[in-house]
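Me: Please take a close look at the largest nonpolar core. After that, place it in the rest of the chain for someone new to the subject.

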Amino acid sequence: MSDWKIEIERCPEDRRGAIPTDGSKLGFGRHFTDHMFVASFRRDGGWQDPRIVPRDSLGLDPAAMVLHYGLEVFEGLKAYRSAEDTIHLFRWRMNAERMRRSAERLVMEAPPIDLFGAGVEALVSLEKDAVPRAEGCSLYIRPTLVASDPFLGVRPADEFMFYVLCSPVGAYYASGFQPTRILVEQHDVRAAEGGLGEAKTGANYAASLRAQRRAQKAGYNQVLWLDAKEHRYVEEVGTSNIFFQIDGKVITPPLGGTILPGVTRDSVIRLLKSWDVPVVEERITIDEVMAAAAAGTLEEAFGTGTAAVISPVGVFGYEGQDVEVNGAQVGPLAQRLYDALTGIQYQREPDPFEWTTPVP
Ligand SMILES: Cc1ncc(COP(=O)(O)O)c(C=O)c1O
């Protein structure tokens, strides 16, 4: 993938952690592999010292700028094991490019695309045995960039640490492909125009927690965010982008700066176009969605994201009412997209868009 020379220090046998081999015990984000990739940046020396080391604490100074001013951006992608026992990454370059854009928004220095790719590839290659075999499981990869300068004062940072963790994760739908219950959030907002919404940075997730907790207490899985100015336009759901199928046409909100440009979102749009299913990136208000539901033309709604791939919505909670979508059943389009994407990811189907990269 690149000319970077990556040093490898292997984890001693007696420090290795046990990861459940039973896919149903994995869950999400709870288990980590024994190694991590690390590289550092200094303004006077550029990116240096890329290496794989036993996973350990980072040795950050308590004054590190990430801890005081939230200077961090991250990514999330997966490696999948095929029936032939090969391992493939899905569209890793899009994650590397998104990290660059997120970093630019926070005036941070992102790793070059080839360093990002080399680090992810070398780490996954070393951790190959940790890519789960069980159906629907995968290795979640978390590239992270933090500002490490010990400095108190608000200014752009000069020193950065880029590191990559791997976490074997279970099948998202352990008990089958299940529609979710989504609460339309009418008070809190996730991101405003001109803010951080399109960057994958911790602050956006911190801002989302209060509403998420309220929604979960009220019996919903996640919240649907509306725009910050008018509280009318649909934005995205939790950690997914959102799609509606109304009267045969698929609609998803445009990338206006306040939502995350999802890799799965882009893949879904490209698949729909290749199937000649009408799809548009247009603003849509929550009232239009509710009117379509009342008129019986809201055929399907689903979220898209790396964790769940496709997440069909069964119910929208809005203004005290629960509004069902497609009789709270998984719709044919969500199922077709899920099958197509996972077919490509697990190498069960051809990969016409060249989205997957084998890991040596
Ligand atoms: C806020 C938010 N929106 C959308 C997505 C979906 O993006 P992707 O398809 O790249 O996983 C994510 C997940 O990363 C997210 O955190």
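Reply: The core comes first, then the two domains, the ligand and two single residues.
This is a predicted model, in which local features need pLDDT of at least 70 and side-chain atom pairs count only at pLDDT 80 or more, while totals for chains, interfaces and linings use all residues. Residues are numbered from 1 along each chain as its sequence is written.

A nonpolar core is a set of buried Ala, Val, Leu, Ile, Met, Phe, Trp, Tyr and Cys residues joined through C-beta atoms within 7 Å. A residue is buried if 20 or more other C-beta atoms lie within 10 Å of its own, exposed if 12 or fewer, and partly exposed in between, with C-beta atoms placed from the backbone. The largest core has 92 residues, and M108 and V124 touch the most other members. Helix α3 (residues 113–126) supplies the largest share of this core, eight residues. Helices (H or I, at least four residues) and strands (E, at least two) are DSSP runs, numbered from the N terminus. The core also takes at least three residues from each of domain 1 (7–169) and domain 2 (180–345); such bounds come from an automatic or database domain assignment.

V124 can be followed further. Leaving out residues up to four places away in sequence, V124 touches A79, I87, L89, L139, I141, C166 and V359. Two residues are in contact if their C-beta atoms, placed from the backbone, lie within 7 Å. Across the chain, 72% of the contacts with a separation of 6 or more join residues 24 or more positions apart. Buried residues make up 45% of the 360 residues.

Now the two domains. Their C-alpha centres are 27 Å apart. Contacts join 18 residues of domain 1 to 11 residues of domain 2. On the domain 1 side, β4 (72–74), β5 (77–81) and α2 (92–105) are the elements that give two or more residues. Of these, α2 gives the largest share, five residues. By class, this side has eight nonpolar, four polar and six charged residues. Here Ala, Val, Leu, Ile, Met, Phe, Trp, Tyr, Cys and Pro count as nonpolar, Asp, Glu, Lys and Arg as charged, and the others, Gly among them, as polar.

There is also a ligand, surrounded by 13 residues, the closest being G262, V263, T264, G305 and T306. A residue counts as near if its C-beta atom, placed from the backbone, lies within 6 Å of the molecule. Both α5 (263–274) and β15 (298–305) supply at least two residues of this shell, and α5 gives the most, with three. The shell divides into two nonpolar, nine polar and two charged residues.

Two residues stand out by their backbone angle. Most residues other than glycine have a negative phi. V309, in strand β16 (residues 309–318), has a positive phi of about 70° although it is not a glycine. E354, in the loop between α7 (332–345) and β18 (356–358), has a positive phi of about 55° and is not a glycine either. Their surroundings are unlike: V309 is buried because 28 other C-beta atoms lie within 10 Å, whereas E354 is exposed because it has 8.

Finally, the whole chain contains seven helices and 18 strands. Its C-alpha atoms fill a box of roughly 60 × 50 × 35 Å along the principal axes.
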